[in-house]
Amino acid sequence: MLGAAHRVSAMNEVHAVRARLAPGERKLQILQTLAQMLEAGDRVTTALLADKLQLSEAALYRHFASKAQMFEGLIAFIEDSLYGVVTQIGAQPLPASDRARKLVVALLQFGERNPGMARVMVGDALALEHERLAVRIHHLFDRLESSLRQWLREGELESATPTVDANAQAAVLMAYAQGRLLRYVRSGFRERPTEHWDAQARWL
């Protein structure tokens with residue numbers, strides 16, 4: 001069993017580590033903890049988040065003006081990640097349909113690997129939060145669908161016998177991806193969104 005001196009020393013080390021965190025690192029730590037709480041299904045309040053981080057609520061507010069701003073930080077991470085994927089896929093010399101499938105898979109994989117953020121993406125974690133957060137998520141999916149439409153239209157122009165309705169197909173692909181993510185969240189993260197993708201992709 002640790003003696004009193006050892007316990008004091010250990011606590012001092014913890015406080016020293018906290019003190020050494022740069023503002024950017026602290027913000028990242030706050031967002032990571034928020035995502036972990038969402039994954040665990042915990043109720044998220046600034047008081048509970050501060051307790052998880054062993055900080056005061058005042059310390060949280062030095063980095064984020066509100067809980068809504070914390071959620072915006074998560075959404076910004078989601079946007080940066082997925083828009084980066086769009087740029088990478090768009091630059092590849094692939095048929096339009098292959099690029100569209102790669103984007104859908106990337107979207108499903110991102111949600112699967114980040115369950116807490118999947119709750120944000122489907123709106124489950126935003127139900128009681130500021131409405132601007134839901135609007136921003138809606139805009140995210142609109143932009144992804146717009147990329148799908150653009151690629152599929154390019155594929156139509158390149159085809160000698162164009163038969164694909166780019167608008168309709170992009171809408172179906174995005175609705176499928178959102179549905180799979182929603183099912184993942186509602187199943188308690190048991191039903192993986194990428195499960196059976198190969199078989200289902202043939203129907204899409």
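These are my notebook entries on what I looked up in this structure, which is a predicted model.

**Entry 1, the whole chain.** I began with the secondary structure and counted 10 helices and 0 strands in the chain, so that the pattern read along the sequence is α-α-α-α-α-α-α-α-α-α. I then looked up burial and noted that, of the 204 residues, 38% count as buried. For the contacts, I took those between residues at least 6 apart in sequence, and found that 65% of them join residues at least 24 apart.

**Entry 2, the annotated stretch.** I turned to the UniProt record, an unreviewed entry, which places the feature "domain: HTH tetR-type" at residues 42-72. Over residues 42-72 I found 61% helix and 0% strand, and I noted that the C-alpha atoms at the two ends of this stretch are 19 Å apart.

**Entry 3, helix α6 beside helix α9.** Next I asked myself how the axes of α6 and α9 cross. Helix α9 covers residues 166-186, and its axis comes within 10 Å of the axis of α6, with a crossing angle of roughly 15°. Because angles under 35 degrees count as roughly parallel, I wrote down α6 as roughly parallel to α9. The crossing of these two helices is right-handed.

I listed the residues that make the contact: α6 contributes Ala 100, Val 104, Leu 107, Leu 108, Gly 111 and Glu 112, while α9 contributes Leu 173, Met 174, Tyr 176, Ala 177, Arg 180, Leu 181 and Tyr 184. Sorted by kind, the residues of this contact are 10 nonpolar, 1 polar and 2 charged.

**Entry 4, Gln 109.** I stayed with α6, which runs over residues 96-113 and holds Gln 109. Is Gln 109 buried or partly exposed? Its relative accessible area is 29%, and since partly exposed covers the values between 20% and 50%, Gln 109 is partly exposed. I also looked up its distance to Leu 181, one of the α9 residues in the contact above: Gln 109 and Leu 181 are 72 residues apart along the chain, and their C-alpha atoms are separated by 9.6 Å.

**Entry 5, Arg 99.** My last residue, Arg 99, also has its place in helix α6. Is Arg 99 buried or exposed? Its relative accessibility is 7%, and because buried means under 20%, Arg 99 counts as buried. To see what surrounds Arg 99, I left aside its neighbours within four places in sequence and found contacts with Ile 89, Gly 90, Gln 92, Leu 94, Trp 151 and Glu 154.

Technical notes:
Residues are numbered from 1 along each chain as its sequence is written. This is a predicted model: local features need pLDDT of at least 70, side-chain atom pairs count only at pLDDT 80 or more; totals for chains, interfaces and linings use all residues. Side-chain values use heavy atoms; hydrogens and water are left out. UniProt positions are given in the numbering used here, feature names are shortened, and annotations may be inferred rather than shown by experiment. Buried means under 20% relative accessible area, exposed over 50%, partly exposed in between (1.4 Å probe, protein chains only). Axes are lines fitted to C-alpha atoms, for helices over the stretch in contact, and angles run from 0 to 180 degrees between N-to-C directions. Angles under 35 degrees count as roughly parallel, over 145 as roughly antiparallel, 65 to 115 as roughly perpendicular and the rest as oblique. A crossing is left-handed if the near helix is turned anticlockwise from the far one by less than a right angle, and right-handed if clockwise. Contact means heavy atoms within 4.5 Å. Ala, Val, Leu, Ile, Met, Phe, Trp, Tyr, Cys and Pro count as nonpolar, Asp, Glu, Lys and Arg as charged, and the others, Gly among them, as polar.
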